[in-house]
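The following account leads the reader through one protein structure, from its overall make-up to selected details. Please keep the sequence and the model in view while reading.

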Amino acid sequence: MTLAIVLAADPAAGHLTEPGRPAGEPLTERLAAQWRRAGADDVRIAADLTELADLVAAATGPVLVSGADLVAHTAVLKHLATSPVGPTVALVLTDPPAPGQATVREERGQVVEVDAADATGVFGGALRVGAADLPALADAARRAAGAAPDAPDARLTDPASAPGVGAADGGPRDAVDRLVADLAARGTLIFAQRVRLLVAHRVGDEAQRDAAEAAVAAVDEDRAALKLSVKERDDFFTTFFVSTWSPYVTKAAARIGIGPTGVTMVSVAFAVAAAVLFGVGGRPALVAGAVLLYLGFVLDCVDGQLARYTRHFSAWGGWLDTMADRFKEYVVYAGLGFGATHAGFRYGWALALAAMTLQTVRHMTDTWYGALHDEAARRPKVVSADAGGIGGKLNAASTRVQADTGSVSYWLKRTVVFPIGERWALIAIAAALFGPLVALVAVLVWGTLAFAYTGGLRTLRARWMRVPVMATVDAGLHRDDGLLARTLPTTRRPLLLAVLGALGAAGTLVWALLAVHGGGDLPVFVPVLALVLLLGAAQASRAPHDGSLDWLVPAALRAAEYLFAIAVGVAGRAPAWLIFGYVLVLTLHHYDLTARLEKRQSAPPLHAATLGWPGRSLLLAIGLIAGYASIALATLGAYLLVVFVASVVLAWVVLPARARGGVRSPG
């Protein structure tokens, strides 16, 4: 249940009315009606901060709070109420701050400081507070009520007498602004909801209200909402070859009642069909596969646009979108690998495996670098240190390029990192024109260069940031260590040990390839030595991950496990498709963890049953030494797939149904 509270203690509560308006409509009543249309289950008007605190204390779900001086499209309030970026979100405007209004500084979508000297916006007088932050909101309201009673201010009835100072300069603070300032001071994680294409203004007199209402009336709310469904900043291919026409598909899907999940499923079907056609080979099939792959990517964009347009967000939908994206890409790699092998190239599956492993490790670094950057944004003083060093210069240069939207350097920077749109475009074009082998080689070459470029620059910037991001999360969970790692003695230097484990696995794979190519067998001591290095990396499970580069640990561990599994399959002469299938199951498990990290969700219900990467690697090593590598890969892979599916059913069907007291599939 969502409660919306309009705080009548702010200026427009009684001042911004006039006899000429229908029923003398005060903004408090208008805002209350808008909150109802925006989806609030219960709407209250609080006379002061004390009453607001009492209402918040009794609330059990998210609370929407607004002052009484806001004139905005209802869609603005609905976007705030349904924002998927975080539990607590504040409306941020670009208007000049008026006296009493709080200014904010935001980085990476987070409000990192209120009343900052280098403010990037002004608080819009409305916020959504998640259930976990309600005690802080209630306490902030009580403190604000006691420290600054909501007595009438002369500037509200006589704008000419308003003080010449704003809240940032120590002037009188509006009631709702005191709340957001207090929450920020407590360290509450607040995300920013910007207003784009729509209209929202805080008003202080009738002239401002008239101007704001005229601006609201001048904008077609539905048309603006459709345009807002497209990401503000996207990659080159998506921006110019997809988003130019995908909103029409989004509008059609909304009209006929197809939800985002349905669009995602159709997109998966298109990608699977493209993979089959790539495997079949022949020019007509390759061209048809390329067209289906492009259309599948369009639908991949449409499902997000449809969710933003209809405001139908859910944790299930976000999780499914992440998992579907990876599954679609990797099943296409499988089709290309089969097609290249079918066309006579001996190592088609090997290239597909390399592409999948490389992309997964890249994604792990992307996820953890994003977490690092978010943590750094919340620690501005740490980030500002050593601004003259190479990391600081790179950070400043990157900020300048990102701000120069539309420039050649901006698009080059967004393209060189090889995002998903560019990957799918390259695959489609290369497969249609030259075949599966060239498509896989092109993906590997560009992907390797992009990994080197982003990895090098991010490492330098991370050393400059000096933010121990792994120290702020459950390292054991996201390392995916399992029970075996927790029973080993603890050793420090987690990154060094993870890298050594990855190098040992890589060396084992190279040795296995050479041995098999020469018609021999891999010496037993080689996988045993690699396993020792892997278990050495597992010993750092409980060690502090407080180094500036420890955000690389999860990616290094993923590389170590995947390479070791591939080495076991190669040494045991397992079918290439079986090795690919086993690693694919591992990637699904690990993407599940990263999706939960990004959505701030708890561990999967059956996470302990996945054995952890040390346990899985040990079982594969035993299978190889015993001469049953294929059986070990097939059995363990099938087991992990069953556990993954069961975990998904528990997490998204059974447990939510129990919480609701009924049974219903996720939507």
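How many salt bridges does the structure hold? In this predicted model, there are 28 salt bridges. Before some of them are examined, the overall make-up of the protein deserves attention.

The secondary structure comprises 27 helices and 10 strands. Of the 667 residues in the protein, 53% are buried. Among contacts with a separation of 6 or more, 82% are between residues 24 or more positions apart. The protein exposes about 27600 Å², and carbon and sulfur atoms supply 64% of that area.

The salt bridges can now be taken up. Side chains of opposite charge can pair when their charged atoms come close. Glu113 and Arg105 form one such bridge, with their closest N and O atoms 3.4 Å apart. The two partners are placed in unlike surroundings: Glu113 counts as partly exposed because its relative accessibility is 32%, whereas Arg105, at 7%, counts as buried.

A second bridge joins the side chains of Asp139 and Arg186, at 2.4 Å from N to O. Asp139 belongs to helix H4 (residues 134-147), while Arg186 lies in the loop between helix H6 (175-185) and strand S9 (190-194); the pair therefore ties together parts that are 47 residues apart in sequence. Asp139 is partly exposed, with a relative accessible area of 32%, and Arg186 is partly exposed as well, at 35%.

The bridge between Arg596 and Asp592, at 3.1 Å from N to O, has another setting. These residues are 4 apart in helix H25 (residues 576-598), which means that about one helical turn separates them. An α-helix has 3.6 residues a turn, so residues three or four places apart point the same way. Both Arg596 and Asp592 are buried. Elsewhere, Asp69, Asp174, Asp177 and Arg202 are linked in a network of salt bridges.

A charged residue may also be considered where no such pairing is found. Asp303, in helix H12 (residues 283-310), is buried yet has no salt bridge. The nearest side chain of opposite charge is that of Lys328, 5.5 Å away; a salt bridge would require a side-chain nitrogen of Lys or Arg within 4 Å of a carboxyl oxygen, so this pair does not qualify. The side chain of Asp303 does, however, make a polar contact of 2.7 Å with the side chain of Thr264. Leaving aside residues up to four places away in sequence, Asp303 touches Pro260, Val263, Thr264 and Asp321.

Helix H12 appears again in the packing of helix H8 (residues 221-228). Within H8, Ala224, Ala225, Leu226 and Leu228 are buried. The buried residues of H8 pack against helix H3 (74-82), helix H10 (246-256) and H12. At the N-terminal end of H8, Asp220 acts as a cap, with a side-chain oxygen 3.1 Å from the backbone nitrogen of Asp222.

The final stop is on the surface. A nonpolar patch there is formed by Leu496, Val499, Leu500, Leu503, Val524, Val528, Leu529, Val532, Leu533 and Ile625, which together have about 820 Å² of accessible area. Helix H22 (494-517) and helix H23 (525-538) are the elements that give two or more residues to the patch. Val524, one of the patch residues, is found in the loop between H22 and H23.

How values were computed. Residues are numbered from 1 along each chain as its sequence is written. This is a predicted model: local features need pLDDT of at least 70, side-chain atom pairs count only at pLDDT 80 or more; totals for chains, interfaces and linings use all residues. Side-chain values use heavy atoms; hydrogens and water are left out. Buried means under 20% relative accessible area, exposed over 50%, partly exposed in between (1.4 Å probe, protein chains only). Lys and Arg count as positive and Asp and Glu as negative; His and the chain ends are not counted. A polar contact is a pair of N or O atoms within 3.5 Å; within protein, one must be able to donate a hydrogen and the other to accept it, and residues adjacent in sequence count only if both atoms are side-chain atoms. Contact means heavy atoms within 4.5 Å. Patches are made of residues with over 30% relative accessible area and no salt bridge: like charges are joined within 9 Å, nonpolar side chains (Val, Leu, Ile, Met, Phe, Trp, Tyr) within 5 Å. Accessible areas come from the Shrake-Rupley method with a 1.4 Å probe; for residues, only the protein chains shown count as cover.
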